[in-house]
Amino acid sequence: MRRILLICSIFVTVLMIMQGARSDPQAEELLRQCSNSNTTNDLSIFLSNFNKTFSDMRKQLSNGHFATAYYTDVFGLVQCRNYLSIADCVACFDAGLAQIRRDCPQADGAHLIYQGCFLRYEARNFYKQISFEDSSGVCINNRTASEPAAFKPAVEELLTDLIAATPKIKSFYAASKRQVFDGGPTAIATVYVVAQCVQNISQSDCDTCLSRAYINVQTCPPQAGGSSVDAGCFLRYSDTAFFTDNDVTDITQYVEGGSSTKKTPLIAGLIGGLCLVLLMSVLLLWYRLLRKSKKAERGDISGVTKLQGAVMYNYKDLKSATNNFSLEYKVGEGGFGDVYKGIIANGNIVAVKKLAVVTSKEKTDFESEVRLISNVHHRNILRLLGCSGKGPVQLLVYEFMENGSLDTFLYGDKRGTLSWKQRMDIILGIARGLAYLHEQFHVCIIHRDMKSSNILLDDDLQPKIADFGLARLLPKDQSHLTTRFAGTLGYTAPEYAIHGHLSEKVDTYGFGIVVLEIISGRRCSDMINEHLTESLLQYTWKLYDNGKHFELMDETLDPTEYNVDNAKKIIEIALKCTQSPVSSRPAMSEVVVQLVNDGSVEQRPPNKPKFVQMTKNIDDDSSTSTAPSISNATATLTKFTGR
Ligand SMILES: *[C@@H]1O[C@H](CO)[C@@H](O)[C@H](O)[C@H]1NC(C)=O
C-alpha cells in the first residue's frame, strides 16, 4: 500500500514538474495593467467576489479555452491560445492569477496578457470591448531572423492571410506556418503564426481588432518574433515553432487570391480553384432555391406561430449562468418571482426572471404570453429574449439593464443625478413605449402595473418599460371587467383599485403618477404632510390650484435648467392623465404629441378628481361600501366608459 502511495506521489510530482516546465514560456508577460482606481466595495467583500469569479472561470477551463464569470463587481474573462492543452491552459491561468493578486492587490480591474493566455477583470461589463488604451505590439528585440530580406515579406504575407481567415473561423482562432524561400529550391526558414479573438465579440469586431493588431506588429519583422496585444484579439509570429504540426489550422479555404501557393502547385491550384468556384456557385444557387421554397412554406403558417425572435433556452444553461440562482446574482424581486443576472454562453448579460407558476393553466398562459411579448419590439420596452419552460420552474430571459430602475434615480441611492433634459427624455420614452403597447401592437397590451421601479434605464439613460409578468391581454376594442387587483398602491387608478375596471387608461393614470415622481423626486406613496395624509397627487393639485406648482419641482434640479412655464405644462399633462372620468384621460399617443410639442398644443386645464383616501386595506377589492372614506368618490368613479 505504502509503495503504491510512494509511486503515485513521485508520479504526480514528476507530472507537476513537467507541466511547470512546459507552461513556463507560455507565462512570458506581454502586457500588464492594473486599474488606477481601487475597489469601492468593502475589501473583504471584493476579495470574496474576486475569488468566486476566478474560481468559477478556472472550473470552466476544464472544457474550453475561454471563460467568463462575474460576481457583483468583478466581471472576469480568461482565454488560452487553443494550441495549449487543458493542463497547460490552467497552469497559465494560475500563473496569471498569482501575478494579478501580487501586483494589483486592491485594484478594481486589471488585464494581463501572456503568450499563452489572457486574464482580465473589471468592475463593469467589458465583454464587447475590443481595444485597450495601451494596446500595442511587442517585438522580440534581441534577435533578428536569418535571411531578413526574405523573412519580412514572408511574415507579412502569412499574417495578412491569417487575419483574413480567423474571423471567418467559428472558434475565432487559427494557427498556421509557412516556409520561407530565398529564390532557391530549399526553405531557409519557417514562420509560425497564431491569431485569436475573444469569443464574445462579433465577426466584424474581430476583423477590426485583428487589422489593428497587424499594424501594431507590422514593424517587428525582421526581428525573430513579435506579438500584438489588445482587449479583443491576439496576434503572434515567430521563426521558432511554438505549437506542433497537429495544431495547424487549414486556412487556405478562407483566403482569397491564393497568395499562399508557390510556383509548382500554382496551376493545379488554379484549376482546383476554378472547379471549386463552379461547384460552389451551383451549390449556392441550389441552396437559395431551397431556402426560397422553405420560406414560402413558413409564410403560410406564420400568422399562427409567431415564435420567431423567442429563443428557447436550456434550463441547465440558465441555471449555470446565474450560478444556480444564487443570492449574489439576484438583482430584484417582482410580484411574480425573483430576477437574476446571468452571463450566457456568448458573453451577453441577461436578466433571468424565475416565475412561480404551478398550474397547467398558468403554464399555457405563460407560453402564449411569451409568444406574444417576444414579438414586441420597441426601443422603450424591455426586450424579452426568450424563455425556458422545460425545467422545474418557468424562466423568462430579458435583456439586462446595468443602470437599474428609475426609482433609484428619483428617491433611491442615485437621487439627484438626473438632469431636467434627461428627465424629459425619460418621460417621452415611457409615453412612446406605452402608446406602442396600447395602440400600435396588433393587440392592445395593458401593463397594469406602471410604476417607477418597473422602468429600467439603459446605458444612455433611455427608459425601457419592464415587467409584463402582470400584463394580461385584451383583444382590441374590448374592455374587461376583472376581479383580480394587480396594481401597486399609489400608482393604481381608483376605478381599477376599487371596482376592477380595467382599460388601458389604467396605465395612463400610472404614467401620470410616474411623471409627478420624475418631476418632484418624491415617492407617490410618501405622505407629504403627516397630518393631512396627502398623497403626491393631492399635494400636486393643491399647489397647482394655488399657482404654486413650482414648489413641486425636485430641489436637486438646477433651476436654470428648466423653464417654469414648460414645467407647468408637463405637470398639467400628468394631472390630465390622472383625472376622472376615465374617458377624459388622454390616449398615450396624444400624450406623446403633447410632449413632443413641448406641451404647446392647445390644452384645456385638467379636471380635478374627487379624492379617494388610499389606505392600506384597498386591496380587498369588494370594498365599494365597506370603506366609508371612498363613498363620496364612488359616483364619479363608477362612470367608467371603456374605450
Ligand atoms: C481569496 O483567495 C485567496 C487565495 O486562495 C485567499 O488567500 C483569500 O483568503 C481568499 N479571500 C476571500 C475573502 O475569500
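Biologist: Across which strands does helix 5 (residues 203–217) lie, and at what angle does it run to strand 10?

Modeller: In this predicted model, helix 5 lies across strand 6, strand 8, strand 9 (225–229) and strand 10, and its direction runs at about 40° to that of strand 10. Contact is a matter of heavy atoms within 4.5 Å, and helix 4 (residues 148–165) also packs on the sheet by touching strand 7, strand 8 and strand 10. The direction of helix 4 makes about 155° with that of strand 7.

Biologist: What is the order of the strands in the open sheet that includes strand 6 and strand 10, and what is the sense of their pairing?

Modeller: The order of its five strands is 6-9-10-8-7, and the pairing is antiparallel. Strand 6 (136–139) and strand 7 (173–181) are the edge strands, since each of them pairs on one side only. Direction ignored, neighbouring strands of this sheet are turned by 10° against each other on average.

Biologist: What makes strand 8 (residues 187–197) and strand 10 (residues 233–238) count as a pair?

Modeller: Two strands pair if at least two bridges are found between them, and strand 8 and strand 10 are joined in the antiparallel sense over six bridges, so the requirement is met. One example of bridge partners is V194 with R236, the latter being in strand 10.

Biologist: Which strands stand at the edges of the sheet with the order 1-4-5-3-2, and why are they called edges?

Modeller: They are strand 1 (29–34) and strand 2 (66–71); each has a single partner strand, so one side of each is left without a neighbour in the sheet. This too is an open sheet of five strands with antiparallel pairing, and its neighbouring strands are turned by 5° against each other on average, direction ignored.

Biologist: How do you know that strand 1 and strand 4 (residues 110–114) pair?

Modeller: The cut-off is at least two bridges, and strand 1 and strand 4 pair in the antiparallel sense over five bridges, which means that they qualify. Among the bridge partners are Q33 and H111, of which H111 belongs to strand 4.

Biologist: Which strands does helix 2 touch where it packs on the sheet, and which does helix 3 (residues 86–103) lie across?

Modeller: Helix 2 touches strand 2, strand 3 (74–80) and strand 5 (117–122), with its direction at about 155° to that of strand 2. Helix 3 lies across strand 1, strand 3, strand 4 and strand 5, and runs at about 140° to strand 4.

Biologist: What makes the approach of N51 to the ligand a polar contact?

Modeller: A polar contact needs a pair of N or O atoms within 3.5 Å, and a polar side-chain atom of N51 lies 2.4 Å from an oxygen atom of the ligand, so this pair falls under the cut-off. The protein buries 37% of the 360 Å² that the ligand exposes when taken alone. Around the ligand are S44, L47, S48, N51 and R101, and helix 2 (residues 43–60) gives the largest share of this shell, four residues. By class, the shell divides into one nonpolar, three polar and one charged residue.

Biologist: What is the peptide bond from P221 to P222, cis or trans, and how do you know?

Modeller: The bond is cis, with omega near 15°, and P222 has its place in the loop between helix 5 and strand 9. A cis peptide bond also joins S580 and P581, where omega is about 0°; P581 lies in the loop between helix 14 (564–577) and helix 15 (588–596).

Methods
Residues numbered from 1 in each chain as written. Predicted model: local features only at pLDDT ≥ 70, side-chain atom pairs only at ≥ 80, totals over all residues. Heavy atoms only, no water. Near = heavy atom within 4 Å. Polar contact = N/O pair within 3.5 Å; in protein donor to acceptor, adjacent residues only side chain to side chain. Areas by Shrake-Rupley, 256 points an atom, 1.4 Å probe, with all protein chains shown as cover. Helix = DSSP H or I, 4+ residues; strand = E, 2+ residues; numbered from the N terminus. Nonpolar A, V, L, I, M, F, W, Y, C, P; charged D, E, K, R; others polar. Axes fitted to C-alpha atoms, helices over the stretch in contact; angles between N-to-C directions.
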